[in-house]
Amino acid sequence: MKNLLFVVLLMLTAPIAFSQSKPIGSWTEHLSLQSGRSVELANDIVYAGTTTGLFSYNLKDNSFMRFSTVNRLNDIDISAVNYSEQSDALMVVYSDLNIDLLKGSQTINIPAIKDASIPGKSLN
């Protein structure tokens with residue numbers, strides 16, 4: 001009888017113990033930090049563009065953030081990152097010449113160069 005009770009309790013608690021903590025429909029990103037391509041300092045924040053996404057490190061509060069196609073960016077394989085102090089915006093250029101402008105919490109995608117039929121287009 002004790003064995004039967006143990007098996008029943010085990011069957012009832014197993015699904016709870018091994019269930020996933022992520023809700024259905026949500027994403028988890030696994031981004032590599034080892035393939036940096038471009039680094040830019042913007043005020044007290046250091047941005048690093050990689051093949052998988054964009055990372056930022058705040059020098060004042062030591063906080064670390066990551067940006068990807070899951071939460072903010074429109075593409076992968078970043079070639080260059082440049083900050084404009086005048087417009088307070090970060091420009092992210094991808095290897096296919098797609099461009100994102102990050103200003104505050106807004107992301108503006110500019111696919112004009114990527115979509116243009118220009119022979120031999122490349123980033124210099």
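Asn43 sits in the loop that joins strand E1 (36-42) to E2, and in this predicted model its phi is near 60°, a positive value in a residue other than glycine. Most residues other than glycine have a negative phi. Asn43 has a relative accessible area of 54% and is therefore exposed, the cut-off for that class being over 50%. A second residue of this kind is Asp88, whose phi is near 50°, again positive in a residue other than glycine. Asp88 belongs to the loop between strand E5 (78-84) and E6, and because its relative accessibility is 43%, Asp88 counts as partly exposed.

The loop that holds Asn43 also takes part in a charged contact. Side chains of opposite charge can pair when their charged atoms come close. Two salt bridges are found in a search of the whole structure, and they are set out below.

| Salt bridge | Closest N and O atoms | Separation in sequence |
|---|---|---|
| Arg37 with Asp77 | 2.5 Å | 40 residues |
| Lys60 with Asp44 | 3.3 Å | 16 residues |

The bridge between Arg37 and Asp77 has its closest N and O atoms 2.5 Å apart, and it links distant parts of the chain, with Arg37 in strand E1 and Asp77 in the loop between E4 and E5. Arg37 counts as partly exposed at 44% relative accessibility, and Asp77 is likewise partly exposed, at 22%. In the bridge formed by Lys60 with Asp44, Lys60 comes from the loop between E3 and E4, while Asp44 comes from the loop between E1 and E2. Lys60 is exposed, with a relative accessible area of 68%, whereas Asp44, with 31%, is partly exposed.

These elements belong to a chain with two helices and eight strands, which follow one another along the sequence in the pattern α-β-β-β-β-β-β-β-β-α. Of its 124 residues, 24% count as buried.

On the surface, Leu41, Tyr57, Leu59 and Phe64 form a nonpolar patch, and together they have about 400 Å² of accessible area. Tyr57 lies in strand E3 (residues 54-58) and counts as partly exposed at 33% relative accessibility. Phe64 is also partly exposed, with a relative accessible area of 49%.

Phe64 has a further role in the description, since the structure contains one aromatic pair: the ring centres of Phe55 and Phe64 are 5.7 Å apart and their planes stand at 20°, so the pair is stacked. The reasoning rests on the angle, because planes under 30 degrees apart count as stacked. Phe55, at 6% relative accessibility, counts as buried, so that the stacked pair joins a buried ring residue to a partly exposed one.

Strand E3 appears once more in the largest pocket, which holds about 310 Å³ of space. Nineteen residues line this pocket, and those nearest its centre are Ile45, Tyr47, Ser56, Phe67 and Gly104. The elements that give two or more residues to the lining are strand E2 (45-50), E3, strand E4 (64-67), strand E6 (89-94) and strand E7 (99-103). Among them, E3 provides the largest share, three residues.

Definitions and conventions:
Residues numbered from 1 in each chain as written. Predicted model: local features only at pLDDT ≥ 70, side-chain atom pairs only at ≥ 80, totals over all residues. Heavy atoms only, no water. Patch = residues over 30% accessible without salt bridge, like charges linked within 9 Å, V, L, I, M, F, W, Y side chains within 5 Å. Areas by Shrake-Rupley, 256 points an atom, 1.4 Å probe, with all protein chains shown as cover. Salt bridge = Lys/Arg side-chain N within 4 Å of Asp/Glu carboxyl O. Helix = DSSP H or I, 4+ residues; strand = E, 2+ residues; numbered from the N terminus. Buried < 20%, exposed > 50% of the residue type's maximum accessible area, 1.4 Å probe, protein only. Phe/Tyr/Trp six-rings, centres within 6.5 Å; stacked < 30°, edge-to-face > 60°. 1 Å grid on protein atoms, 1.4 Å probe; cavity = no way out; pocket = protein on both sides within 12 Å on 5 of 7 lines; lining within 4 Å. Points joined across faces, edges and corners; volume = space filled by probe spheres on them.
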